[in-house]
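Q: Please take a close look at one part of this model, the nonpolar patch on its surface, and set that part in the context of the chain around it.

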Amino acid sequence: MRQSSVRPLPLRMARYLEEAVAGIALVVLVAAVCWGVVTRYVTATSAAWTGDVTSVAFAWLIFVGSAAAFKYGAHMSVDIFWRRLPPCARRYFGATIDAVILVFLAYATWLGIGFCLASMDDPLPILRWPRAVLYAALVVGLVCMFVRYAEIAWRKLQGVTAPTHRVPGPDAGDTRWG
């Protein structure tokens, strides 16, 4: 009997977690900005809460969206020195760089958690939500970056240099999720 190649739904959803979170944050950001403009120029009173909501949504969009860019190899890099190295040196130098990046992401996550916990008693100005809601975007984004970069580093150790994911859609030849 042949096994099905379709992944379970939770695994398919986890594959695009960063895009989903960043997409929701973008929709909330645009809606809040539009509502703020409408209430400011059309009605007599402006919605003061839109500033807090847009700040939170923007933070989630940026930090979690940056984690999505890790998967697709979309972050900019300068590789003029890298291309001049012999393949053997490139492999060891690359492993060292990957380790440094993973240590940095782990350390930044640890600092972000401390910062997030320290801001639990500091509320946002209008909505009075804990400011940790804003800073949690940093922590979630860094954790996602660490996980995705660990996957990339593991693949590089195995000799695979292509990005871990392709952009879904008809141009990429992949119209399905998963």
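A: Of the 178 residues in this predicted model, 30% count as buried, and the accessible surface of the chain comes to about 12,100 Å², with 69% of that area belonging to carbon and sulfur atoms. The secondary structure consists of 6 helices and 0 strands, which gives the pattern α-α-α-α-α-α when the chain is read along its sequence. Among the contacts with a separation of 6 or more, 67% are between residues that lie 24 or more positions apart.

Against this background, the nonpolar surface patch covers about 810 Å² and is made by V33, W35, V37, V38, Y41, V42, W49 and I126. One of its members, W49, sits in the loop between α2 (17-41) and α3 (50-72). W49 has a relative accessible area of 34% and is therefore classed as partly exposed, since that class lies between the limits of 20% for buried and 50% for exposed; the value is also over the 30% that a residue needs to be counted in a patch.

I126 is another member of the patch, and a residue that deserves separate attention in the backbone is R128, which is placed in the loop between α5 (87-118) and α6 (132-157). R128 has a positive phi of about 65° although it is not a glycine, whereas most residues other than glycine have a negative phi. With a relative accessible area of 54%, R128 is exposed, because the cut-off for that class is over 50%.

Technical notes. Residues numbered from 1 in each chain as written. Predicted model: local features only at pLDDT ≥ 70, side-chain atom pairs only at ≥ 80, totals over all residues. Heavy atoms only, no water. Helix = DSSP H or I, 4+ residues; strand = E, 2+ residues; numbered from the N terminus. Buried < 20%, exposed > 50% of the residue type's maximum accessible area, 1.4 Å probe, protein only. Contact = heavy atoms within 4.5 Å. Areas by Shrake-Rupley, 256 points an atom, 1.4 Å probe, with all protein chains shown as cover. Patch = residues over 30% accessible without salt bridge, like charges linked within 9 Å, V, L, I, M, F, W, Y side chains within 5 Å. Salt bridge = Lys/Arg side-chain N within 4 Å of Asp/Glu carboxyl O.
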